[in-house]
Amino acid sequence: MILRVLSLIPFLMAATVLLFAPVLSPRRIFFAVRVQPDFRSTEPARRALRQYQLAVAAIALIGLLWTFARPENPSAGLIPQVLLFVGAIIFWLRNYRALVKYQMNPPTVAGVELTTEPDRLPRFFWVSMIPPVILAGTALYLYLHWSSIPAQYPIHWGPGGQPNGWATRSLRGVYGPLLFAALWMAWLIGMAFAIWYGARRSPLRTAVAKIMIAVEFLFGIIWPVVSLLPLYRPNAALLVMVILGGVAGLIVYSLVTFRRAASVAGEEVIPAASAGSSFFDRQNPAILLPRADGLGYCPNLAHPVAWLLLLYPFAIVIIAMIFIF
Amino acid sequence: MAQKLKIDLSSSTPVTTQIVDNLRVLLVGGQLRSGTALPSVRRLAMELGIHFNTVADAYRLLASEGWLDLKHGRSARVIDRDLPRPTRNAIRSWKSRLKQLAAQMLAAGIPNSEVANELRNIAKELTNDS
């Protein structure tokens, strides 16, 4: 029962984020439509928000009821999550289509300071070196306690709390999770650097780079804990709470950082050559371009580094499937 | 404080011309003095969201006018420029352009006195700072 309640936490977290997502975006963006900053107080905006939130709340309620009434089939537990995301996307798109007629044209005036000041890395970039050090420390600890690791140990548990996946004391079994985390960290650090050196200077650039490094920290906490499971079996509920707490903290931090940056970025001149969801221009030196709707960046597919950053996650998944897990 | 360069991508004036015109105002006005380094072509293109060839063309044009020194491997630098001696034809051509502009201002309803004042103020502003 406790595990079932715990399994509800990610669902409730997702439902909360989806419920408030339209009001968490910068004021000039509403359902991914660029609008006047005071548009939210108008009747069409209020109606759209009301309809969306009612729909998401109703789907979340159905999902909750399903979680308690569902049969003991692990795959059935995913139905509420899928339903929630699909429902939210459908209602989001419905509102986008209804509100797109209020869309403002993006600014066409671009401004730049004529400075030769080099792009110095901010201090928070050096902090990104801490999670790899944690991984290395964990690897060393496992090496020193190799003989204490059981020959076979559980690595995955079903909804009833019963182990359903096992690993053996081998290089792959013990260090695999750490290698997996290291590969993702390399990608996150690469993304942060690409944003810093390959996108225009703006508060949004700093915010997104910070979020990348925050995600890296989360990996630096979760994966060492997972790697130490063969040596220590902490209380499962506590472990789940710590992980979910970390994820919740990351979500809150990301939203606050992004929203703060976006509100500043809204006051400055935005380059007219901002992109949609994809962009291709050989003569544009940017690796990443600010999206026209203000929601982060999109890659310039004419830049080889952009391709590297896009394909690298797929490579990680393939490497993990073949060599790690 | 660093000077700001602005361009309007919806304008009918080509972006290269806008960059050249904006920079020339800063150069003539003395806001960009001899020895000042300008941002690299890549950086300026990235900040403005435009092609790097557009910025490179603008820099080349200003270099051909004698405002900038473009050396491979280092940023464009403002240099001392000797004023060219204007030919009679050049003066005639500029007068004609100025006349057209003044006519446009008058046609837009700006009073004669204000047109004259504006021209005088602009000339004073540009020559006082340099």
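This passage walks through the contact between chain A and chain B, along with the salt bridges and the domain layout. The model is a predicted one, and every value below was computed from it.

A good place to begin is the extent of the interface. Chain A brings 26 residues to the contact, and chain B brings 27. Together the two chains bury about 2,300 Å², with carbon and sulfur atoms accounting for 59% of that area. On the chain B side, three residues stand out: Arg43(B), Met46(B) and Glu47(B) provide 25% of the area that chain B buries against chain A, and no other three residues provide more.

Polar links across the interface come next. There are 10 residue pairs in polar contact between chain B and chain A, with both residues of each pair at pLDDT 80 or more. Four elements of chain B each give two or more residues to the side that touches chain A, namely β1 (4-8), α1 (15-28), α2 (41-48) and α3 (52-64). The leading contributor is α2(B), which gives seven residues to this side. By residue type, the side of chain B that touches chain A consists of 16 nonpolar, six charged and five polar residues.

The strand β1(B) also takes part in pairing between the chains. It runs antiparallel to strand β3 of chain A (residues 109-113), and five bridges join the two strands. Within this pairing, Leu5(B) is the bridge partner of Val112(A).

Salt bridges add another layer to the picture. Over all chains the structure holds 10 of them, and one salt bridge is found across the interface of chain B and chain A. That link joins Arg43(B) to Asp119(A), whose closest N and O atoms are 2.2 Å apart. Asp119(A) also forms a salt bridge with Arg201(A), at 3.2 Å from N to O. This second pair connects distant parts of chain A, with the two positions 82 residues apart: Asp119(A) lies in the loop between β3 and α4 (123-127), while Arg201(A) lies in the loop between α6 (171-198) and α7 (203-227). Asp119(A) therefore meets the salt-bridge criterion, a nitrogen-to-oxygen distance within 4 Å, with both Arg43(B) and Arg201(A).

Finally, a word on how chain B is laid out. The domain assignment divides chain B into domain 1, covering residues 2-78, and domain 2, covering residues 88-127. The C-alpha centres of these two domains of chain B are 25 Å apart.

Note on methods:
Residues numbered from 1 in each chain as written. Chains lettered and ligands numbered in written order. Predicted model: local features only at pLDDT ≥ 70, side-chain atom pairs only at ≥ 80, totals over all residues. Heavy atoms only, no water. Contact = heavy atoms within 4.5 Å. Buried area = accessible area lost by both parts, 1.4 Å probe. Salt bridge = Lys/Arg side-chain N within 4 Å of Asp/Glu carboxyl O. Polar contact = N/O pair within 3.5 Å; in protein donor to acceptor, adjacent residues only side chain to side chain. Nonpolar A, V, L, I, M, F, W, Y, C, P; charged D, E, K, R; others polar. Pairing = 2+ DSSP bridges. Domains from an automatic or database assignment.
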